Amino acid sequence: MTYVKALRCRECGREYPQGPAHVCEFCLGPLEVTYDYQAVRQDISRGAIAAGPGSIWRYQALLPVQRASQADLGAGWTPLIKANNLARALGLRELYLKNDCVNPTYSFKDRVVAVATAKALEFGFDTLACASTGNLAAAVSAQAAKAGLRAYVFIPADLEPGKIVGAAVYGATLVSVQGNYDQANRLASEVADRYSWAFVNINLRPYYAEGSKTLAFEVAEQLGWRAPDHVVVPIASGSLFTKIWKGWNELAEVGLLAGQRPRMTGAQAAGCSPVAAAFATGSWDIRPVKPWSIAKSLAIGNPADGHYALRVARESGGYIEMVQEQEIAQGVALLARTEGLFAETAAGVTVAALQQLANRGKIGRDEVTVAYITGNGLKTQEAIAEALAPALVVTPTLASFEQALAGQIPLSDRSPKEEVKNHTRRESFQK
Amino acid sequence: MSSIVRIPTPLRTLTAGAREISVNSETVGACIAQLEARFPGLGERLCDERGELRRFINVYINGEDVRFLAGLATPLCPGDEVSIVPAVAGG
């Protein structure tokens, strides 16, 4: 069974029965899933969740489908890493990383697509589709392959090669759109209006988006059923950010968390920062932009949930932080060199924002902080490759190696073993 | 020659199911006024009390968001295609 009550318009509050619809027929506002929280409260318990599957489905009572589909790939229940090295580098006391790089297609999108696919099968669709900045394309394509569904994914033509391969390999039909993501998404919306396909981020959006709440549920459970003080989340459309907020609120609503909720801070890069710009000026209006960021998975110039993201940041006492483009690769490197975690450019934005927040005192030293690392670094290697050319280039002789090494390290530092270690550390923290 | 306006599914209850409507208007704003005159109720779905486009409604002319042009004052030329698309989150 599910505890879903209805689809409800976020703007005018009109309710609709469950179906493949995402827009209020009256005011065209976005629809959201509502639940019978009283019933959930009676049935849910920390023990039952702990005994559940090691995936997002341990929180089925707060998801809009009865169960995982037969073709589920097992997204979720990813590690929460205590990041002592990064914390030290940033001057924070207690920092955790939610590592969503290890999902089946290496990003958090597997969570939302798992829910959308189960719902698509329930509604009887035979084709899965989406518009994507890359990660969603891979998740939809893989999940469709496993479920035996056809798949069409609409991507901007200039996507990173790794993301194109990472989606195409599963057999989806890639529709490469000569334009940016917003244009691909607009085209997909018009296609969705004409073909009866399950577009996970369009006609299935209300269900799909619910999958992101599990990123709040898991962190709360992994911290021993408490909410952190502050979380930092990358923002593209704003959907992930607002759903993580909904997650904390629901846990409180059904009695799994005491009232306290974290401050919610979002991160955007200078090359696409419409939500951060509105936050900075105190505005409620998001002015769309044409993105040029290297963090392509965040490059949504017309963020549909941007307004709601502003509301969440302001209501929770958080911020929407903007970081410079050149800080993205440094953020990726800092994360890799302190915690051994190679994440994509979106995480570079998140880590750079974290650093900026710590430097400016916007994150308190004693705040228990969680940063969401939403995608794997192997997807966006070219964004940082240039900065990471090999330090030593040698012919295969010991003499050549020692000559190169001598050129790299000052004479005074040269004693066995220790020097290499010193060198590595210096590089990581001077950036 | 007139412009074509593509109507999204949720609004077709107001247009008697029509997917595309021909209009003769000089601007996007005038186009919406003309739609309202022919299909009462359509205008308030697209614009708020101040007469501004609702924030979760996107209007495109030949694929370009009018907010990158002149908004409701954006001129319409014969043969232009106007798309009305509700905002869609994603990624």
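Two strands are taken to pair if DSSP finds at least two bridges between them, and with that in mind one can read a detail of chain B, where V5(B) stands opposite V82(B) in β5(B). The structure described here is a predicted model, and the account begins with the sheet to which these two residues lead.

**The sheet of chain B**

Chain B holds an open sheet of 5 strands, in the order β2-β1-β5-β3-β4, and its pairing is mixed. The edges of this sheet are formed by β2 (20–23) and β4 (64–65) of chain B, each of which pairs on one side only. Strand β1 (residues 3–6) of chain B is joined to β2(B) by 4 bridges, and these two strands run antiparallel. Toward β5(B), β1(B) has 3 bridges, and here the strands run parallel. V5(B) has a place in both pairings, since the residue opposite V5(B) in β2(B) is I21(B), while in β5(B) the residue opposite is V82(B).

Strand β5 (residues 81–86) of chain B is mostly covered, with 5 of its 6 residues buried. This strand also pairs with β3(B), in the antiparallel sense and over 5 bridges, and within that pairing I84(B) of β5(B) is the bridge partner of V59(B). The loop between β3 (57–61) and β4 of chain B contains N62(B), a residue other than glycine whose phi is nevertheless positive, near 45°. N62(B) counts as exposed because it has 11 C-beta neighbours inside 10 Å, and 12 or fewer is the cut-off for that class.

**A covered strand in chain A**

Which strand of chain A is largely enclosed by the rest of the structure? Strand β13 (residues 368–373) of chain A is, because 5 of its 6 residues are buried. Two of its pairings can be followed here. With strand β5 (residues 94–99) of chain A, β13(A) pairs in the parallel sense over 6 bridges, and one of the matched pairs sets N99(A) with its bridge partner I373(A). With strand β10 (residues 230–234) of chain A, β13(A) is joined by 3 bridges, and this pair also runs parallel; in it, H230(A) stands opposite T369(A).

The pairings of both chains can be set side by side.

| Strands | Sense | Bridges |
|---|---|---|
| β5(A) and β13(A) | parallel | 6 bridges |
| β10(A) and β13(A) | parallel | 3 bridges |
| β1(B) and β2(B) | antiparallel | 4 bridges |
| β1(B) and β5(B) | parallel | 3 bridges |
| β3(B) and β5(B) | antiparallel | 5 bridges |

**The nonpolar core and some single residues**

In soluble globular proteins, nonpolar side chains tend to be buried together. The largest nonpolar core of this model has 162 residues, and those that touch the most other members are V140(A), V153(A), F199(A), V200(A), V233(A), L298(A) and V349(A). Helix α14 (residues 345–359) of chain A gives the largest share of this core, 9 residues. Leaving aside residues up to four places away in sequence, V233(A) touches L240(A), F241(A), I244(A), M264(A), G266(A), A267(A) and Y372(A).

W225(A) lies in the loop between α9 (214–222) and β10 of chain A, and although W225(A) is not a glycine, its phi is positive, about 55°. Having 13 C-beta neighbours inside 10 Å, W225(A) counts as partly exposed. R311(A), which is found in helix α12 (residues 306–316) of chain A, likewise counts as partly exposed, with 15 C-beta neighbours inside 10 Å. The C-alpha atoms of R311(A) and V113(A) are separated by 26 Å, and the two residues are 198 apart along the chain.

**Domains, confidence and the contact between chains**

Chain A is divided into domain 1 (80–107 + 210–384) and domain 2 (392–430), and the C-alpha centres of these two domains lie 36 Å apart. The average pLDDT of chain A is 93, and 95% of the residues score at least 70. Over residues 418–431 of chain A, however, the pLDDT is below 50, and this stretch has 11 contacts in the model beyond near neighbours in sequence.

Where the chains meet, the contact takes 34 residues from chain A and 23 residues from chain B. On the chain A side, the elements giving two or more residues are β6 (127–131), α5 (135–147), α7 (181–194) and α8 (205–210), and the largest share, 6 residues, comes from α7(A). By type, the residues on this side divide into 13 nonpolar, 14 polar and 7 charged.

Key
Residues are numbered from 1 along each chain as its sequence is written. Chains are lettered from A and ligands numbered from 1 in the order in which they are written. This is a predicted model: local features need pLDDT of at least 70, side-chain atom pairs count only at pLDDT 80 or more; totals for chains, interfaces and linings use all residues. Two residues are in contact if their C-beta atoms, placed from the backbone, lie within 7 Å. Ala, Val, Leu, Ile, Met, Phe, Trp, Tyr, Cys and Pro count as nonpolar, Asp, Glu, Lys and Arg as charged, and the others, Gly among them, as polar. Domain bounds come from an automatic or database domain assignment. pLDDT is the predictor's confidence in each residue, from 0 to 100. A residue is buried if 20 or more other C-beta atoms lie within 10 Å of its own, exposed if 12 or fewer, and partly exposed in between; C-beta atoms are placed from the backbone. A nonpolar core is a set of buried Ala, Val, Leu, Ile, Met, Phe, Trp, Tyr and Cys residues joined through C-beta atoms within 7 Å.
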